[in-house]
Amino acid sequence: MAHSEGDAESGIRMPPDRLQDYVEAIFSAAGSDAEEARTVAAHLVEASLAGHDSHGVMRVTKYIDWVKSGQVLCNRHADTVIDRGAMALVDGNFGFGQVIGREAMTIAAAKAAEHGFAVVSIRNAGHLGRIGAWAEQLAEAGLASFHFVNTSGFGILVAPHGGSDRRLSANPLAAGVPVAGAQPLILDMATSVIAEGKIQVARNQGARLAPGQVIDGAGRPTTDPEAFYADPPGAIFPFGGHKGMGLSFFCEVLAGSLSGGFASNPGSPTAGRLVNNMLSMAFDPAAFGGADAFAEDIRRLVAWTKGSPPIEPGGVVLLPGEIEDRTRNERRRDGIPIDHTTFSRIVAAGESVGVPAPQ
Ligand code: NAD
């Protein structure tokens, strides 16, 4: 495998197309058909390109473990179990979230085109990965959207505001809007102060966490990623204290309880496997104030917001999704960085399904 640079400290850099081929080969060997392997690999490589290493190719290792243990089932598709005009409920059949999410967003886009808006509720999908991908898919179809996500009990990681142990999932939110002549703006965020995958990244890199992000198993603040994974385990704070906890709680309600995929609870019937549930709402601007007026108002909003004088000399106001666009451009040019620990784990996962280590 070609990598453009690397040393023992920083790991390697790989061109995205080479990484795509390698990761695709691993999922094919694990049992996915060609389309699924391509879709899952593209989602993970795209997350790495966007700078969300925690939801990028680092996940290959876990995903392969889950396929082997039967927690994720290959070659499953989204089943529409309820279809009522602008609303659908989709069951993911424990298939790859990357496939189920893509199929569900295709349903949402078709319904929004017909009705002006759509609400699609997904239950029992595998890990839906980088949630911003779903807002991007709808923005490509000209739609504004909002998404709430939870897990049913496998990924309980977050302490409620005022609490000292894990009760809620990291429960991401995403929103997207197309921008005429430019990249869509995409808000994509966990409601925890840090995504759990970023603790894994810090652990793999031997780095400390910033203060104020996690508590250890005794409820004491810590910056040690190992303390988070100790026994008893630590917990992550919700972002913004009681406000982030409130949003997280309603991710549980809207994504979990409403879909029948369950809110986070160790007693949920599906708590033994990582399932994501998602409520997605899509809006066709043409059905509201008119597509041209909407596009013009978004253009004004962008210019007005970004026009704020930087608080620090040389600073810049970034809108949701802009930092990912910048990282994408850099990584397309320079390759995707992967630390050695993460890379050796991906290689081990590949070898375990018969894909040889890259040269
Ligand atoms: P983050 O904190 O890196 O970014 C959150 C949002 O803030 C993004 O929209 C980003 O564009 C914006 N942003 C970042 N820096 C900015 C700046 N300087 N100015 C203005 N805006 C800025 O994201 P996160 O909360 O760490 O989430 C990471 C990823 O993890 C996301 O892709 C999320 O979907 C994913 N995730 C998935 C799950 C799941 O269960 N599938 C769970 C948790 C998180």
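A residue counts as near the ligand if one of its heavy atoms lies within 4 Å of it. The model is predicted: local features need pLDDT of at least 70, side-chain atom pairs count only at pLDDT 80 or more, and totals for chains, interfaces and linings use all residues. Numbering runs from 1 along each chain as its sequence is written, and side-chain values use heavy atoms, without hydrogens and water.

**Exercise 1. Describe the shell around the ligand.**

Step 1. Count the residues. There are 21 around the ligand, and the closest are Asp-188, Ala-190, Lys-198, Gly-321 and Glu-324.

Step 2. Sort them. The shell holds 11 nonpolar, 6 polar and 4 charged residues. Here Ala, Val, Leu, Ile, Met, Phe, Trp, Tyr, Cys and Pro are nonpolar, Asp, Glu, Lys and Arg are charged, and the others, Gly among them, are polar.

Step 3. Assign domains. Domain 1 (6-71 + 324-352) and domain 2 (79-193 + 237-287) both contribute to the shell, so the ligand lies between them. The bounds come from an automatic or database domain assignment.

**Exercise 2. Find the polar contacts of the ligand.**

Step 1. Set the cut-off. A polar contact is a pair of N or O atoms within 3.5 Å.

Step 2. Take the side chains. An N or O atom of Lys-198 is 2.8 Å from a ligand oxygen. For His-127, a side-chain N or O atom is 3.3 Å from a ligand nitrogen.

Step 3. Take the backbone. Ile-186 places a backbone N or O atom 3.3 Å from an oxygen of the ligand.

Step 4. Add the cover. On its own the ligand has 870 Å² of accessible area (Shrake-Rupley method, 1.4 Å probe). The protein covers 77% of that.

**Exercise 3. Locate two backbone features.**

Step 1. Recall the background. Most residues other than glycine have a negative phi, and most peptide bonds are trans.

Step 2. Check phi. Asn-124 has a positive phi, near 60 degrees.

Step 3. Check omega. Asp-231 and Pro-232 are joined by a cis peptide bond, with omega about 0 degrees.

Definitions and conventions: Polar contact = N/O pair within 3.5 Å; in protein donor to acceptor, adjacent residues only side chain to side chain.
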